[in-house]
Number of protein chains: 2
Amino acid sequence: MQTREKRRPNERSRATLKEVASKVGVSICTASVVLNNSNSGSRVSDATRTAVIEAARELGYRANQIARSLHAGHTHVIGVVPAATETNILLGPHLQHVLNGIVNETEVHGYDLSIITRCDQSRPSDLLDALLGGRMDGVIVVAPRSNSRLIPLLRDEHLPMVVIDGDPEMCDNIYVIDNDTSVRRAIQHLVDLGHRNIGHIAGPQDLFAARIRKDAFFREMSRLGVPLKLEWLQVGVFNIPSGEDAMNRILRHDELPTAVFCANDEMAFGAIRAILAKGLRVPEDITVVGFDDVPFAAMTTPTLTTIRQPVDEIARAATSALIGYIEEGVPIGSRTFPGSLVERMSSAPPRR
Amino acid sequence: MQTREKRRPNERSRATLKEVASKVGVSICTASVVLNNSNSGSRVSDATRTAVIEAARELGYRANQIARSLHAGHTHVIGVVPAATETNILLGPHLQHVLNGIVNETEVHGYDLSIITRCDQSRPSDLLDALLGGRMDGVIVVAPRSNSRLIPLLRDEHLPMVVIDGDPEMCDNIYVIDNDTSVRRAIQHLVDLGHRNIGHIAGPQDLFAARIRKDAFFREMSRLGVPLKLEWLQVGVFNIPSGEDAMNRILRHDELPTAVFCANDEMAFGAIRAILAKGLRVPEDITVVGFDDVPFAAMTTPTLTTIRQPVDEIARAATSALIGYIEEGVPIGSRTFPGSLVERMSSAPPRR
DNA sequence: CTGAAAGCGCTTACAG
DNA sequence: CTGAAAGCGCTTACAG
């Protein structure tokens with residue numbers, strides 16, 4: 001009866017604890033106690049207990065999580081701040097893979113995931129309100145830009161945080177692949193095949209992964225005594241068209257590399273497309289190697305030789321560590337994960 | 001000083017409204033009023049106003065959104081229940097595309113997105129607690145299974161809801177591509193090319209998109225008078241390996257189709273791979289047509305002829321309608337979006 | 001076995 | 001111009 005009094009059109013009204021209590025004729029605290037099976041409730045008479053449960057069922061009672069969170073001081077939701085991109089923030093197979101890994105882990109711990117998108121530079125305070133307004137117990141930042149003010153800010157605010165694909169010098173809680181060793185594997189692979197004319201398509205330099213892979217490329221080339229040609233060094237933005245463009249810029253030169261190492265798979269796909277479009281072949285004319293091993297790397301023609309990141313493992317480990325810190329205060333720390341070379345059809349010895 | 005008294009290790013303590021108020025020596029309601037610029041606050045003296053603002057800044061005050069939501073009765077978060085899959089729930093380029101479109105739209109409206117994953121059948125009540133606990137203002141269900149009890153349940157609970165890729169007979173608020181017409185375009189394309197031996201790799205039949213596409217395939221074939229061969233009809237689960245398996249089952253027969261229509265792109269990729277692995281060519285020996293036009297459809301070899309879904313538009317329209325309903329009560333309704341044939345390299349006339 | 005009370009942090013009429 | 005009070009819906013000691 002009185003459950004109805006508040007119903008306005010267009011506004012759902014869930015039954016409240018007060019309603020079930022009054023329906024049974026007990027106090028709302030008693031109702032709360034039996035509905036939560038809390039220990040204090042072990043001493044509720046069976047009669048009232050069943051009555052309350054019955055009433056709750058009839059009324060379709062469901063505890064308001066907001067009220068509960070206000071009291072408890074936590075929400076069981078974890079925020080994710082995706083890699084900063086201008087637009088279409090969620091696109092890209094690697095981020096998707098990371099997100100999936102995160103979800104895999106939050107699910108087993110009973111957390112929900114909130115994707116924080118309002119990163120719009122024009123209203124940065126929106127982002128902070130969302131993050132710091134108590135709506136999430138912790139946050140996972142994926143691939144922050146190196147100039148991101150977010151990381152130091154969140155650290156100062158003591159919001160539990162872990163960073164995936166970030167610079168270990170940026171903060172303490174970084175989960176990331178061992179880029180140095182991985183790039184070395186890639187270059188070593190090319191040199192082992194006999195390549196001495198090697199180009200590189202780098203990613204956006206304000207992204208840690210892009211910068212460190214480029215640095216590692218330089219270092220490795222020089223360590224192995226392979227001469228560098230600056231015309232064969234181009235920069236893209238980690239997506240397919242930019243890889244295509246970058247490759248086309250390389251292809252404009254008279255002398256061509258026999259191999260190109262791309263800082264991620266998508267740019268490698270673009271590079272392959274550019275090469276094929278010029279009537280050249282992969283790998284016969286130019287070898288292409290990527291980084292990430294996204295699922296489609298095994299589906300392209302030719303299939304892509306690349307560095308596999310244990311993405312699911314990295315994402316789950318980071319998430320699990322974050323939750324461990326939230327719930328039990330165990331320090332998150334940083335972890336580095338090994339990458340591995342996956343040899344497929346896009347790499348082969350140079351022809352001549 | 002007293003801001004410190006509550007600090008326990010391992011627990012972030014944001015300054016509270018009470019703290020800034022007491023620091024200035026005003027009531028918390030005055031503080032609230034100036035910090036919110038609410039109209040009642042137009043009559044606060046400039047002196048107190050600046051004092052409060054200053055104090056808030058010094059203390060790093062940030063309103064607790066949970067408390068605010070409890071009072072306001074809304075949260076500005078929208079939940080997404082992704083397509084039901086056994087595992088790795090977020091994978092798949094089409095879902096990713098949908099998610100991206102949703103985010104594009106929530107972002108402009110200042111909503112955050114919560115991904116509800118605890119769909120685990122073993123504890124269905126978790127899902128409902130998450131959904132109905134007042135933590136989200138509305139929910140977007142993507143590609144529910146036809147036996148899903150979720151839809152009727154949410155409807156009964158009056159939680160604002162819109163469904164993407166669902167059965168229009170299932171509920172009132174469905175945003176979906178016009179599958180019938182789209183499939184007809186695909187089949188017409190094959191028949192126009194001269195194909196009369198056409199196979200179909202269908203998706204999981206408890207998914208609306210899969211079922212209706214299969215039905216449309218049958219209807220269209222019979223309308224055009226093209227004979228059906230049951231050996232050329234196989235069922236997959238909308239991913240690459242299952243498309244590969246399905247195609248392999250087709251390839252086991254003596255007589256082969258000259259064209260195969262796949263219910264989504266991923267299965268089409270798998271089909272192509274199976275065909276190539278048998279030493280046959282696409283499209284020379286067998287034409288393959290997909291459905292969705294995921295980004296990679298333009299990147300495979302051969303590139304994939306497929307039906308383009310205006311995914312971003314569908315997702316954004318659904319999201320926008322949901323928010324319109326939440327905020328202003330305008331009915332969501334249902335909408336159907338046209339698909340279009342994208343002709344690429346995987347389709348050609350049959351050889352003989 | 002059960003209830004009155006305080007509190008989570010905020011907002012909003014309503015008085016002064 | 002400013003504050004006391006009630007309330008959002010729930011939980012949890014603490015009394016009886």
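This report describes the DNA contacts, the nonpolar cores, the cavities and one helix residue of a predicted model.

The model is predicted, so local features are reported only at pLDDT of at least 70 and side-chain atom pairs only at pLDDT 80 or more, while totals for chains, interfaces and linings use all residues. Residues are numbered from 1 along each chain as its sequence is written, chains are lettered from A in the order in which they are written, and side-chain values use heavy atoms, without hydrogens and water.

## Contacts with DNA

A residue is near a strand if one of its heavy atoms lies within 4 Å of it. Around DNA strand C there are 24 residues, and the closest are A:Thr48, B:Thr16, B:Leu17, B:Ser32 and B:Tyr61. Of the atoms of this strand within 4 Å of the protein, 68% belong to sugar or phosphate and the rest to bases. Around DNA strand D there are 23 residues, the closest being A:Thr16, A:Leu17, A:Ser32, A:Arg68 and B:Ser45. Sugar and phosphate make up 69% of the atoms of DNA strand D that come within 4 Å of the protein.

Helices are DSSP runs of H or I with at least four residues, numbered from the N terminus. In chain A and in chain B, α2 (28-36) and α4 (65-72) each supply at least two residues of the surface near DNA strand C. The most comes from α2(B), with 5 residues. For DNA strand D, α2 and α4 of chain A and α2 and α4 of chain B each supply at least two residues, and α2(A) has the largest share, 5 residues.

For the classes, Ala, Val, Leu, Ile, Met, Phe, Trp, Tyr, Cys and Pro count as nonpolar, Asp, Glu, Lys and Arg as charged, and the others, Gly among them, as polar. The surface near DNA strand C has 11 nonpolar, 10 polar and 3 charged residues. The surface near DNA strand D has 11 nonpolar, 10 polar and 2 charged residues.

The table lists distances from a polar side-chain atom to a phosphate oxygen; a polar contact is a pair of N or O atoms within 3.5 Å.

| Residue | DNA strand | Distance |
|---|---|---|
| A:Thr30 | C | 2.9 Å |
| B:Thr16 | C | 2.7 Å |
| B:Tyr61 | C | 2.8 Å |
| A:Thr16 | D | 2.8 Å |
| A:Asn36 | D | 3.0 Å |
| B:Thr30 | D | 2.9 Å |

## Nonpolar cores

A nonpolar core is a set of buried Ala, Val, Leu, Ile, Met, Phe, Trp, Tyr and Cys residues joined through side-chain atoms within 4.5 Å. Buried means under 20% relative accessible area, exposed over 50%, and partly exposed in between, with a 1.4 Å probe and protein chains only. The largest core has 90 residues, of which A:Ile140, A:Tyr175, A:Phe261, B:Ile140, B:Tyr175 and B:Phe261 touch the most other members. A second, separate core has 56 residues, including A:Ile272, A:Met299, B:Ile240 and B:Val282.

## Cavities

A cavity is a set of points on a 1 Å grid over the protein atoms alone where a 1.4 Å probe fits but cannot get out, and its lining residues have an atom within 4 Å of a point. Grid points are joined across faces, edges and corners, and a volume is the space filled by probe spheres set on the points. There are 4 cavities of 30 Å³ or more, and the largest holds about 140 Å³. It is lined by 13 residues, and the closest to its centre are A:Val77, A:Ser114, A:Arg135, B:Val77 and B:Arg135. This lining has 6 nonpolar, 4 polar and 3 charged residues.

## A residue in helix α3

A:Glu54 is in helix α3 (residues 46-59) of chain A. A:Glu54 is partly exposed, with a relative accessible area of 33%. A:Glu54 and A:Val24 are 30 residues apart in sequence, and their C-alpha atoms are 9.1 Å apart in space.

Methods:
1 Å grid on protein atoms, 1.4 Å probe; cavity = no way out; pocket = protein on both sides within 12 Å on 5 of 7 lines; lining within 4 Å. Polar contact = N/O pair within 3.5 Å; in protein donor to acceptor, adjacent residues only side chain to side chain.
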